[in-house]
Amino acid sequence: MAEPTRRLFLALWPEPALAGRLQAVSAEAFKVCGGRQMRVKTLHLTLVFLGDVPESRIPALREAMGRIQGRPFELAVNRLGYWKHNRIVWGGCSEQPAALVQLVSDIRRQLVALGLPGGADAFSPHITLLRKARPAGELPPMPTLAWPVCEWVLMESCQSAAGADYRRLAAWPLS
Ligand code: 2AM
């Protein structure tokens, strides 16, 4: 029998206050782009998407991630964009802090060493706000939202009737 797997990703998760402000931006974008708004509790920024990982690999994954010594940083979420290829409206940043780039590169290196998919695609940090959205002539203005990042998390994605539900499996501090 095939080994059970879990659908995993590594992410940054905003505090409720910031998630609320992102949701307010999402509500404005929804007025012009329609689609489906992500629920406030599910808003996040993916660092690396792992996909289906055999359960037996999860302890080694957690151990390897725990070896990473990341530095805290502040993200200025100051861009709102639309991607035609997957019809999402996203929040993002015009500049990637060096500590964020380093964190993703360290994660990828550890994943490669474990023989797990390490996200070969270019890293395009974004927070999905709307799915199945239509392109708008002009998106609403985006305020600059300061996001002090002091931890990153391992999440499991579980399908539910309401869309994807996310479960936190582990968190590591940035200090
Ligand atoms: P998205 O919001 O741009 O779709 C959980 O699915 C998280 O992993 C989401 O943030 C999703 O990004 C991201 N992700 C990246 N690659 C993915 C893939 N191939 N399938 C599903 N989710 C992916």
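In the predicted model, Thr5 of strand S1 (5-12) has Pro54 in strand S3 as its bridge partner. This pair belongs to the antiparallel ladder between S1 and S3, in which eight bridges join the two strands. Strand S3 spans residues 45-54, and together with S1, S9 and S10 it forms an open sheet of four strands, ordered S3-S1-S9-S10, with antiparallel pairing. The edges of this sheet are occupied by S3 and S10, each of which pairs on one side only. Neighbouring strands of the sheet are turned against each other by 25 degrees on average, when direction is ignored.

At the other end of the strand order, strand S9 (151-160) and strand S10 (163-173) are paired in the antiparallel sense over 10 bridges. The two strands are connected as a hairpin, with two residues joining S9 to S10, and within this pairing Gln159 has Ala164 of S10 as its bridge partner. In general, the strands of a sheet pair through backbone hydrogen bonds, in either the parallel or the antiparallel sense.

Two helices lie across the sheet that contains these strands. Helix H2, comprising residues 58-66, lies across S1, S3, S9 and S10 and runs at about 50 degrees to S10, whereas helix H3, comprising residues 98-114, lies across S1, S3 and S9 and runs at about 10 degrees to S3. The axes of H2 and H3 come within 10 Å of each other and cross at roughly 145 degrees, and the crossing is right-handed. The contact is formed by Ala60, Leu61, Ala64 and Met65 on the side of H2, and by Ile107, Gln110, Leu111 and Leu114 on the side of H3. By class, the residues of this contact comprise seven nonpolar and one polar, with no charged residue.

A further open sheet is built from four strands in the order S2-S7-S6-S5, again with antiparallel pairing. Its edge strands are S2, which covers residues 36-37, and S5, which covers residues 79-83, each of them pairing on one side only. Strand S6 (residues 88-92) runs antiparallel to S5 and is joined to that strand by five bridges; in this ladder, Gly81 stands opposite Trp90 of S6. Helix H1, which extends over residues 16-33, lies across S2, S5, S6 and strand S7 (127-131), and the helix runs at about 35 degrees to S7.

Strands from both sheets contribute to the largest pocket, which contains about 800 Å³ of space. S1, S2, S3, S7, S9 and S10 each supply at least two residues of its lining, and the largest share, amounting to four residues, comes from S3. Of these strands, S2 and S7 belong to the sheet ordered S2-S7-S6-S5, while S1, S3, S9 and S10 make up the sheet ordered S3-S1-S9-S10. In total, 30 residues line the largest pocket, and those lying nearest its centre are His44, Thr46, Phe49, His126 and Arg131. The lining divides by class into 12 nonpolar, 12 polar and six charged residues.

Definitions and conventions:
Residues numbered from 1 in each chain as written. Predicted model: local features only at pLDDT ≥ 70, side-chain atom pairs only at ≥ 80, totals over all residues. Heavy atoms only, no water. Pairing = 2+ DSSP bridges. Contact = heavy atoms within 4.5 Å. Axes fitted to C-alpha atoms, helices over the stretch in contact; angles between N-to-C directions. 1 Å grid on protein atoms, 1.4 Å probe; cavity = no way out; pocket = protein on both sides within 12 Å on 5 of 7 lines; lining within 4 Å. Points joined across faces, edges and corners; volume = space filled by probe spheres on them. Nonpolar A, V, L, I, M, F, W, Y, C, P; charged D, E, K, R; others polar. Left-handed = near helix turned anticlockwise from the far one by under 90°.
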